[in-house]
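Biologist: Could you take a close look at one part of this model for me, the loop with the odd backbone angle? Once that is clear, walk me outwards to whatever else is worth knowing.

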Amino acid sequence: MPDIAVRIKWGYVPGQPGNPGGAQEVGITPCDVREVTDINGVANIDGADSSWTTASTIFVGSNNDPQVYFGSSVFVAEGNLNVTAGGSVSAAQLGIAGRNISIGVVNITDPGSTVSVNSVALGKTSTTTFTFGSNATLNISNAGLLDVTGDVNVYHGAINLDQGTINAANLVLRGAQLIHPAGLGETGDTAVTLTGTGQINADVSNLGGTVSPGLSPGILNIDGTYTQAIDANLAIEIAGLSAGIGHDQLAVTGVATLDGMLDLTILDTAFAPTLGDSFDILTASSVAGAFSDVTGTLIGGTTRFSVTYLADRVRVEVVATAPHLAGDLDDDGFVGIADLNLVLSRWNQASPAGVWSLGDVSGDGFIGIEDLNAVLGNWNAGTPPPPDASAQVPEPGAIVLMAIGVGVLGGGRRRSETI
Ligand SMILES: [Ca+2]
Ligand SMILES: [Ca+2]
């Protein structure tokens with residue numbers, strides 16, 4: 001008979017008023033409590049001799065109540081479920097932050113720590129709506145295990161893996177595919193992310209979220225298929241040549257079916273991609289489809305990332321291109337305020353040498369006056385983007401004043417740095 005080590009403060013448990021024998025909830029306010037502004041609950045399942053077993057659903061944060069209370073009736077329900085040092089939880093389902101404005105955090109960490117359920121939902125449990133203002137987080141680390149016989153659905157929220165494992169039939173990132181609950185008149189927040197390193201034994205469908213392998217850079221393994229839809233995003237960081245250490249990789253054992261966005265980011269100031277470098281950012285048994293949009297492809301004045309779809313992988317290669325419009329650092333075909341802001345936003349910082357998209361036009365691994373002059377020296381060149389998509393262009397006089405001011409500042413710092 002395992003010990004039970006559950007601590008719930010201000011939550012309510014089966015048999016208590018408001019929840020007669022219903023689901024076990026961590027950090028839940030009963031629906032008829034309107035005056036309460038903060039309800040917090042914590043359950044710690046700590047140690048190999050600790051377990052929490054229920055035949056019903058565990059809600060962490062708040063459950064799936066269709067009502068939202070505004071004004072004086074707004075409340076925040078925060079729940080935390082921590083499964084550590086070999087503790088185990090078994091339940092029918094796990095719901096995290098299922099109500100608007102609620103916060104739910106589940107941590108599963110250490111070898112032997114396991115949460116076993118039939119299904120998991122982050123955000124509202126509906127296929128067409130999502131919670132807004134809620135914060136559903138599932139962290140699985142250090143060999144922790146989420147063992148699901150059915151599906152994991154992320155309607156809104158984040159799954160963070162740090163050498164953790166998820167077993168499931170399907171893991172579905174919904175996010176941007178969802179619409180706001182009808183009639184509430186609020187703008188929804190659709191952020192859905194799957195981040196980190198570890199093992200997912202499931203078919204993964206990224207319908208409207210962002211998959212970010214690695215904790216700067218790393219490999220995320222999927223034993224199953226990976227399907228990315230038009231509204232979804234794969235974020236890949238590049239800081240070196242080897243997968244896992246130098247750059248992110250999504251390693252899929254099944255078929256990868258691709259659409260949507262690939263977002264490339266050069267990360268490390270010590271690494272600048274050079275002509276001929278290549279990076280296998282996704283591996284699979286086979287690759288179908290292609291990303292509909294790729295961002296972050298500009299490297300230098302004559303080099304770019306090019307995406308190649310091979311039979312069993314997606315490879316990003318550094319290729320030569322015709323000379324790029326001088327000073328167009330953000331690669332929109334126009335030299336203007338966006339490019340100036342890019343230089344100023346990284347002013348006086350180290351940079352991968354010669355990476356235009358990070359501001360280093362001069363190739364000295366530093367964002368400074370030479371880079372500013374490269375932008376100003378070709379100001380207004382190219383074709384301006386549509387007016388509704390562009391920022392205000394400052395008066396010429398303001399540009400001169402700005403350049404003078406930054407020039408004095410930049411020159412001074414640059415000199416002091418080289419002494
Ligand atoms: Ca530009
Ligand atoms: Ca520079």
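Modeller: Sure. Ala 85 sits in the loop that links strand 5 (76–84) to strand 6 (88–90). Bear in mind that this is a predicted model. The odd angle is phi: at Ala 85 it is positive, about 55°, even though the residue is not a glycine. That catches the eye because most residues other than glycine have a negative phi. As for its surroundings, Ala 85 has 16 other C-beta atoms within 10 Å, so it counts as partly exposed; the cut-offs are 20 or more for buried and 12 or fewer for exposed.

There's another spot of this kind further along. Asp 331, also not a glycine, has a positive phi of about 65°. Its loop runs between strand 27 (313–320) and helix 1 (337–345). Asp 331 is partly exposed, with 17 other C-beta atoms within 10 Å.

For a contrast, try Thr 57, which belongs to strand 4 (residues 57–60). With 22 other C-beta atoms within 10 Å, Thr 57 is buried. Asn 118 is 61 residues away from Thr 57 along the chain, yet their C-alpha atoms are separated by 9.5 Å.

Now for the interior. The largest nonpolar core has 89 residues, and those touching the most other members are Ile 96, Leu 122, Val 154, Ile 166, Leu 171 and Leu 250. Strand 14 (residues 157–173) supplies the largest share of this core, eight residues. Both domain 1 (24–320) and domain 2 (337–418) contribute residues, so the core lies between them. To see one of those well-connected residues up close, pick Ile 166: leaving aside residues up to four places away in sequence, it touches Ile 140, Leu 146, Val 152, Leu 171, Ile 200, Asn 201 and Ala 202. Leu 171 therefore turns up twice, as a contact of Ile 166 and among the core members that touch the most others.

Last, how far to trust it. The chain averages a pLDDT of 80, and 72% of the residues score at least 70. Two stretches deserve caution. Over residues 27–38 pLDDT stays under 50, and the model has 32 contacts there beyond four places in sequence. Residues 64–74 also stay under 50, with 14 such contacts in the model.

Note on methods. Residues numbered from 1 in each chain as written. Chains lettered and ligands numbered in written order. Predicted model: local features only at pLDDT ≥ 70, side-chain atom pairs only at ≥ 80, totals over all residues. pLDDT = per-residue confidence, 0-100. Contact = placed C-beta atoms within 7 Å. Core = buried A, V, L, I, M, F, W, Y, C linked by C-beta atoms within 7 Å. Helix = DSSP H or I, 4+ residues; strand = E, 2+ residues; numbered from the N terminus. Domains from an automatic or database assignment.
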